[in-house]
Structures are given as C-alpha cells and as structure tokens.
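Welcome, and thanks for opening the viewer. Could you take me through this structure, telling me what to select at each stop and what is there?

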Amino acid sequence: MPHRYINLHTHRPTGIDNLTEIVNIELSNTLPNALPEYCSLGIHPWHASDNNIALDRLNKHAKNKQFIAIGETGLDKVRCGTYEQQLDLLHKHIELSEELHKPLILHCVRYYNEIITLRKELKPKQAWIFHGFNASVEIMKQATNHGFYFSYGPSILNSKSKAAKSLLHTPSDRLFFETDDSTESIENIYTKAAHILGIQINDLLSITNDNFKFLFNSI
Ligand SMILES: [Zn+2]
C-alpha cells in the first residue's frame, strides 16, 4: 500500500483521501455531530480556568474509538490560566491517557523543562508527543532521552527557526508533522522537512507511517 501523508494535529480537517489526519477536537467548543475518522480530544490550557463542565465531557467522550489520542493539553507560560490550573488540567489528561491507553498530544510554550520533569517523575506508559515543537536542540535531546515524540509544523518553513534546527537532529523513530491551525498544506511541510533532512519525501512518508502504526496501532 502506498504511504500516506500523516497530519498529526490539525484544527482544519480537509477530508482529503490519501491523507491521515488527526483532527483536534476542543472540548470548550461543541462536539461536531459527525466525527472524522481520527481525532484527538482535550481541553486546551488556554481554557484551564473554566474547565469544570468540559472535564465531565472529556471523561464521557474520550472512550469513543475515533479519539485515538488525548489532547491537545499542556502548559503555556504566555496565555491565560494560572500554572496550577493548567497543571491540574494536564494531570487529568495524563490519567485519562494512561487509563484508556491513548497517546497524549501536548501543547507547550516555555514550559518544556517542566513537562520533561513531569514525565520523568510519573513514568507514564503512553507516548507523549510535543505538537508544534519549536525549541532548542538541547531541549529536544533531553526530551528524546525521556521517550518523547515530536511533531513539527509550519515553524520549520523558516530555516532559521529552532524547530528547523531541532528537526535535523531528531531521531527518525520519534518524528511527526502537522499543520496545526495554519492554512499551510501538509505536503508543503513534508517537502520542506525532506529538504532540511536531505532525504526523499517517500522516505519521510515511510518513516512517519511506521511511527503512526507503532503509536496508534492502525492506519
Ligand atoms: Zn493546536
């Protein structure tokens, strides 16, 4: 079977055939009536201060087989919600990810060390994926040592970004790509990544297809 493009995290489903996309469903919004084939379900840290009702719904809906991952959730130093509120919310997602055996998709702004330390302490069995990873090679290496996965998005289109530099050193068995909430096509992201890595797009597709199969047990 030919390899498919995999978009690990998108807020803008395309529904295009021959593309596997994990559509982010944010619980602070109403759930769509018809869910795409693959989704993730979470409460964004930006909504950490008003999550009580959403939490009940997270517990209720996360078992649904279309939710193949939990998140996005995480820690964000720049936007609203206190650190304690965000951390509390993150812990609830971690518990659910372990209980339901579904990987965790993480949003992280300037809290990489805190999240790496959390994984070190909690030793979860499920994979944790930094989505939209855009941090230094040093942080990427520390996170790699603790078993993290990395999903690179539109930031790699800027060759000078930390993301582009980190991508070059990321082990291939930890690699994914995404468009997040941008209007960029996933093909463009793969084309740029293949260029940075100096490999053929087909090889990159093969790598991410293997990683997807390994983490999500399907394609
Ligand atoms: Zn997102």
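Start by colouring the chain by secondary structure: seven helices and eight strands appear. Keep in mind that this is a predicted model.

**The whole chain.** Stay zoomed out for a moment. Along its principal axes the C-alpha trace spans about 45 × 40 × 30 Å. The radius of gyration is 16 Å, which agrees with the value near 17 Å for a compact globule of 219 residues. Switch on a surface next: the accessible area comes to about 10600 Å², and carbon and sulfur atoms account for 49% of that. Buried residues make up 50% of the chain.

**Strand β1.** Now select residues 5–10, which form strand β1. Six of its six residues are buried, so the strand is largely enclosed by the rest of the structure. Add residues 19–26, strand β2, and you will see it pair with β1 in the parallel sense over four bridges. Look for N7, which stands opposite E21 in β2.

**The zinc ion.** Next, centre on the zinc ion and show H9, H11, E72 and D180 as sticks. Which atoms coordinate the zinc ion? They are NE2 of H9, NE2 of H11, OE of E72 and OD of D180, at 2.1 to 2.3 Å. The angles that these four donor atoms subtend run from 88 to 177°, which makes the arrangement irregular.

**Two distant partners.** Finally, keep E72 and D180 selected. E72 is in strand β4 (residues 67–76), while D180 is in the loop between β8 (175–177) and α6 (186–197). The pair links parts of the chain 108 residues apart, and both residues are buried.

Terms used:
Residues numbered from 1 in each chain as written. Predicted model: local features only at pLDDT ≥ 70, side-chain atom pairs only at ≥ 80, totals over all residues. Heavy atoms only, no water. Donors = N, O, S within 2.8 Å, 3.2 Å for Na, K, Ca; no water. Tetrahedral: all angles 85-135°; square planar, octahedral: opposite > 155°, others 65-115°. Helix = DSSP H or I, 4+ residues; strand = E, 2+ residues; numbered from the N terminus. Buried < 20%, exposed > 50% of the residue type's maximum accessible area, 1.4 Å probe, protein only. Pairing = 2+ DSSP bridges. Rg over C-alpha atoms; globule rule 2.2 N^0.38 Å. Areas by Shrake-Rupley, 256 points an atom, 1.4 Å probe, with all protein chains shown as cover.
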